[in-house]
Amino acid sequence: MNLDTINNIYFIGIGGIGMSALARYFIDNNKTVSGYDRTASVITKSLEEAGINIHYEDDIDLIPQDVITGKADSLIIYTPAIPTDHSELNYFLNREFLVRKRAKILGEITKDKFTIAIGGTHGKTTTAAMITHMLTCAKIDCYALLGGIPVNYGTNYIKPKHEPSDIFVVEADEFDRSFLQLSPNITVITSTDADHLDVYENHENLESSYNEFLGNIKYNGIYIHEKNVNLLEPKHLKESITYGLDPSLPYHAKNIGIKDGTFILDIVTPLFEIKDIKLGVPGEHNILNALAALSVLHRNDS
């Protein structure tokens, strides 16, 4: 697949948080984007305001004609949440259009880029947003396709201020084994608690899929994980880094306190300490997310 030859991109389920970020990315890269979603939302309204044609009935007649007549340069992207009997999806499949899941396209976009992928059964979005914010503050341009909308950015798609950038921050979604499409340079795993057992059946299968994902890290890549994550580390890594609250760890937090409703803490790295950090989001889990984010930026900056 050569995305450079694609002009029309049609999303089935465009209002999803991951799909909408991808739609914004393609609009930003001068593609003609349109799509379907079951219901209108704040997200779809903002996409329509960006010039994207969206309809809300599963109706083949509502598909833009440019998509249908331009089959050779059209790409259909769908989310696994779309039911298998969806008439628009089956229309494209039966007529042999280029049809791909969102995860496949995300992997295609990032395969030759410097990719920072954040995985874990919780903490992905917050950690990805923190990494993006730290990179932005450090004046390191990046693309970020997030699974949520950070308050300080107001969007789930963040683009470089000085294009182009070869750095991508993405979430490695374990649902439907989507993360197996990614081949990151830096991978963060925040947790591997039992989740999505409708897909995996048991915790062992979930961890097995995470191990397979780690095997996709590029040669000489970096693996960063929370202390309680116990996965098999690939032999081709440049480095493996552990973070947590344990003072024996190379990246840890200490002197944690609360002042005026805000966490105040020091973060210790192998090279230096950063004192009196103010963390604007509450909870010990967000201290861990901040540690993960700093571990990424520290390694990327080194």
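Does Tyr91 count as buried or exposed, and what is its relative accessibility? At 14% relative accessibility, Tyr91 counts as buried. The close-up views below come from a predicted model, so please read each of them with that in mind.

**View 1. Helix H1 packs against helix H2.** Here you can follow residues 17-28, which make up helix H1, alongside residues 42-49 of helix H2; the two pack at an angle of about 10 degrees, and their axes lie 11 Å apart. Because angles under 35 degrees count as roughly parallel, H1 is described as roughly parallel to H2. From H1, the residues making the contact are Ile17, Ser20 and Arg24, while H2 contributes Ile43, Ser46 and Leu47. Sorted by class, this contact of H1 with H2 holds three nonpolar residues, two polar ones and one charged one.

**View 2. Tyr25 and Tyr143 form an aromatic pair.** Searching the whole structure turns up 13 aromatic pairs. For Tyr25 and Tyr143, the ring centres are 5.6 Å apart and the planes meet at 75 degrees, so this pair is edge-to-face. Distant parts of the chain are linked here: Tyr25 sits in helix H1 and Tyr143 in strand S7 (residues 143-145), 118 residues apart. Tyr25 has a relative accessible area of 11% and is buried. Tyr143 is buried too, with a relative accessible area of 6%.

**View 3. Tyr91 and Phe97 make a tilted pair.** The centres of these two rings, Tyr91 and Phe97, are 6.4 Å apart with their planes at 40 degrees, so the pair counts as tilted. Phe97 has a relative accessible area of 9%; because buried means under 20%, Phe97 is buried. Its partner Tyr91, the residue we opened with, is buried at 14%.

**View 4. Six aromatic residues gather in one cluster.** If you would like to select the members yourself, they are Phe11, Tyr25, Phe26, Tyr143, Tyr157 and Phe168, which form one aromatic cluster. Among them are Tyr25 and Tyr143, the edge-to-face pair of View 2.

**View 5. Thr121 contacts Ser191 through its side chain.** Where does Thr121 lie in the chain? Look in the loop that runs between strand S6 (114-119) and helix H6 (124-137). The side chains of Thr121 and Ser191 make a polar contact at 3.2 Å. Thr121 is buried, and its relative accessible area is 13%.

Technical notes:
Residues are numbered from 1 along each chain as its sequence is written. This is a predicted model: local features need pLDDT of at least 70, side-chain atom pairs count only at pLDDT 80 or more; totals for chains, interfaces and linings use all residues. Side-chain values use heavy atoms; hydrogens and water are left out. Helices (H or I, at least four residues) and strands (E, at least two) are DSSP runs, numbered from the N terminus. Buried means under 20% relative accessible area, exposed over 50%, partly exposed in between (1.4 Å probe, protein chains only). A polar contact is a pair of N or O atoms within 3.5 Å; within protein, one must be able to donate a hydrogen and the other to accept it, and residues adjacent in sequence count only if both atoms are side-chain atoms. Axes are lines fitted to C-alpha atoms, for helices over the stretch in contact, and angles run from 0 to 180 degrees between N-to-C directions. Angles under 35 degrees count as roughly parallel, over 145 as roughly antiparallel, 65 to 115 as roughly perpendicular and the rest as oblique. Contact means heavy atoms within 4.5 Å. Ala, Val, Leu, Ile, Met, Phe, Trp, Tyr, Cys and Pro count as nonpolar, Asp, Glu, Lys and Arg as charged, and the others, Gly among them, as polar. Rings of Phe, Tyr and Trp (its six-membered ring) pair if their centres lie within 6.5 Å; planes under 30 degrees apart count as stacked, over 60 as edge-to-face and the rest as tilted.
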